[in-house]
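Trainee: Could you take me closely through the parallel sheet of this model, and then through the parts of the chain that surround it? I would like one connected account.

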Amino acid sequence: MKQLQSGIATFQVLIEGNYIYADKTRSIYEMVTDSDRFFFLSRPRRFGKSLLLSTLKSLFSGPPDPDGPPQGLFQDLWIGRHSDYDFSQTFPVINLFMNFAALTPEGLLATLASRMNVIANEEKLNINFTPSFVDLSSLIELLSKKYNKKVVVLIDEYDAQVSEKIGNLPLALQFQDVLKGVYSSLKSSDEYLRFVLVTGVTRYSMTGLSAGLNHLNDLTFDNKYADICGFTVEEFDLHFGGRLPALLEVMKKKGRFLEEMTVPMLRDKFLHWYDGYSWDGQSRVLNPFSILNCFRKSYFEQFWIDTGPSVNFINNLITKNIGDPSIFLQDENKFYPLKTLNSAAVGGLSSAAGLFQTGYLTVNETQPGPGGTADYYSLKIPNWEVKSDNFKIFSTSLLSVLGQTQENAREDFEKALLAKDSQRMTEIIEAVFIGLAARHHRNEESFYHSVLYG
């Protein structure tokens with residue numbers, strides 16, 4: 001069996017180290033041979049976006065061993081065994097990872113200048129970037145002329161700097177203006193570019209952060225690329241099915257399951273906890289980060305929920321909706337137009353779009369838009385890992401309306417329960433119901449759903 005890994009996002013390390021790698025090269029082949037050359041992809045954090053970019057970097061850079069097979073690292077993958085891809089064609093690659101610490105716009109520019117200087121120095125280009133001169137188009141042009149080839153640009157987490165500042169809207173808008181200027185140089189460098197892929201979590205609107213990227217082909221909802229990140233059920237069975245018996249034995253020895261638990265039941269539990277993510281309503285994938293951690297640690301937990309910068313992002317989204325718990329009760333029959341889920345102004349992200357783009361909700365099904373317009377999408381909570389966390393978020397929002405912490409309310413309720421004090425339990429429950437905003441008292445069934453859920 002291939003080795004388990006968690007957190008390795010470098011394609012070469014995975015292949016050379018014989019780690020598990022879900023072969024996505026058929027989709028990658030479709031992308032790199034498309035007549036279009038400029039792409040954007042949105043996926044939640046820790047879903048494999050960085051690994052996708054690393055795979056593309058290896059593909060365009062050529063084999064690490066010039067004396068080895070022409071397919072290099074790809075010789076045992078679909079693109080190396082079944083495609084007509086020309087591995088002899090190589091291109092210079094600029095790979096920018098945008099998720100780094102920057103407290104001010106000046107700090108952002110300084111870090112970008114430093115990273116671009118590293119590339120320029122490695123390539124021995126006669127240019128020096130400074131915080132007042134962060135011109136990606138100059139780097140692209142010089143690199144293209146040096147090799148007499150077009151350049152590949154890969155930008156990871158393009159939105160991270162803005163999303164992390166969203167609680168401070170004036171600062172987030174300053175960061176947006178800085179990055180908009182950097183990204184706009186991609187459009188002016190068209191003649192020097194072979195391929196561009198920009199990834200992120202949130203797709204900010206064309207009038208905002210993405211204004212410099214409005215020429216990119218958005219693959220987020222494209223069914224050809226619906227499973228380009230994450231494990232399909234077939235990939236899960238291929239790479240992890242043989243490990244289930246051993247995992248089950250470990251879990252039984254640790255007292256996590258009764259003897260009646262079987263391997264098929266354990267497989268179903270993985271699907272219950274971590275499956276269900278979809279961007280087209282048909283193809284569904286499991287969360288790769290949580291699966292790998294579950295196998296490594298031998299227990300089920302909210303591994304994905306408990307990590308990453310999206311926690312602050314979600315908390316800010318919740319803060320704007322305190323007193324409106326219905327945002328967590330998604331009616332699967334409610335359909336949203338594509339533009340509602342696909343983009344937002346900085347500071348104007350709707351709860352539905354924010355929860356969808358960050359992975360707290362996923363596509364349930366689609367239906368054609370009226371009059372030939374874009375499809376409409378219904379949403380649902382993808383799996384138990386997310387659903388259980390939504391309950392915590394939901395209860396925290398309600399308790400903050402009451403001016404009480406979740407921990408205090410839980411302790412009060414637990415004491416009353418242990419003491420069989422039904423009167424005190426009733427008082428606590430009534431206090432939560434009183435906290436529901438009065439504007440929700442309407443003659444619609446959704447209000448009663450929210451009361452029961454609360």
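Mentor: In this predicted model, the sheet you ask about is an open one built from five strands, which follow one another in the order S2-S3-S4-S1-S5 with parallel pairing. Its edges are formed by strand S2, residues 93–97, and by strand S5, residues 217–218, each of which pairs on one side only. At the S5 end, the connection to strand S1, residues 38–42, consists of two bridges, and the two strands run parallel; within this pairing, Phe40 has Asp218 of S5 as its bridge partner.

Helix H3, which spans residues 49–61, lies across S1, S2, strand S3 (151–156) and strand S4 (193–200), and the helix runs at about 165° to S4. Since angles over 145 degrees count as roughly antiparallel, H3 and S4 can be described as roughly antiparallel to each other.

H3 also leads us to the largest pocket, because the largest share of that pocket's lining, five residues, comes from this helix. The volume of the largest pocket is about 800 Å³, and 41 residues line it, those closest to its centre being Arg46, Phe47, Gly48, Lys49 and Ser50. Besides H3, the elements that give two or more residues to this lining are helix H7 (160–163), helix H12 (288–297) and helix H13 (310–320). Sorted by class, the lining of the largest pocket holds 20 nonpolar, 13 polar and eight charged residues.

The second largest pocket, with a volume of about 550 Å³, is lined by 25 residues, of which Lys2, Ile15, Tyr21, Asp76 and Leu77 are the closest to its centre. Helix H1 (11–16) and helix H9 (233–240) each contribute at least two residues to the lining of this second pocket, and its residues divide by class into 12 nonpolar, six polar and seven charged.

Turning to helix packing, helix H6 (residues 136–147) and helix H8 (residues 169–188) pack with their axes 7 Å apart and at an angle of about 40°, and H6 and H8 are therefore oblique to each other. On the H6 side the contact is made by Leu136, Ser137 and Ile140, and on the H8 side by Val182, Ser185, Leu186 and Ser188. This contact of H6 with H8 comprises four nonpolar and three polar residues, with no charged residue taking part.

Finally, for comparison with the parallel sheet, there is an open sheet of three strands in the order S8-S10-S9, in which the pairing is antiparallel. Strand S8 (335–337) and strand S9 (362–367) stand at its edges, and each has a single partner strand, so one side of each is left without a neighbour in the sheet. On average, neighbouring strands of this three-stranded sheet are turned by 40° against each other, direction ignored. S9 is joined to strand S10, residues 376–380, by five bridges, and the two run antiparallel; among the residues paired here, Thr362 has Lys380 of S10 as its bridge partner.

Key:
Residues numbered from 1 in each chain as written. Predicted model: local features only at pLDDT ≥ 70, side-chain atom pairs only at ≥ 80, totals over all residues. Heavy atoms only, no water. Pairing = 2+ DSSP bridges. Helix = DSSP H or I, 4+ residues; strand = E, 2+ residues; numbered from the N terminus. Contact = heavy atoms within 4.5 Å. Axes fitted to C-alpha atoms, helices over the stretch in contact; angles between N-to-C directions. 1 Å grid on protein atoms, 1.4 Å probe; cavity = no way out; pocket = protein on both sides within 12 Å on 5 of 7 lines; lining within 4 Å. Points joined across faces, edges and corners; volume = space filled by probe spheres on them. Nonpolar A, V, L, I, M, F, W, Y, C, P; charged D, E, K, R; others polar. Parallel < 35°, antiparallel > 145°, perpendicular 65-115°, else oblique.
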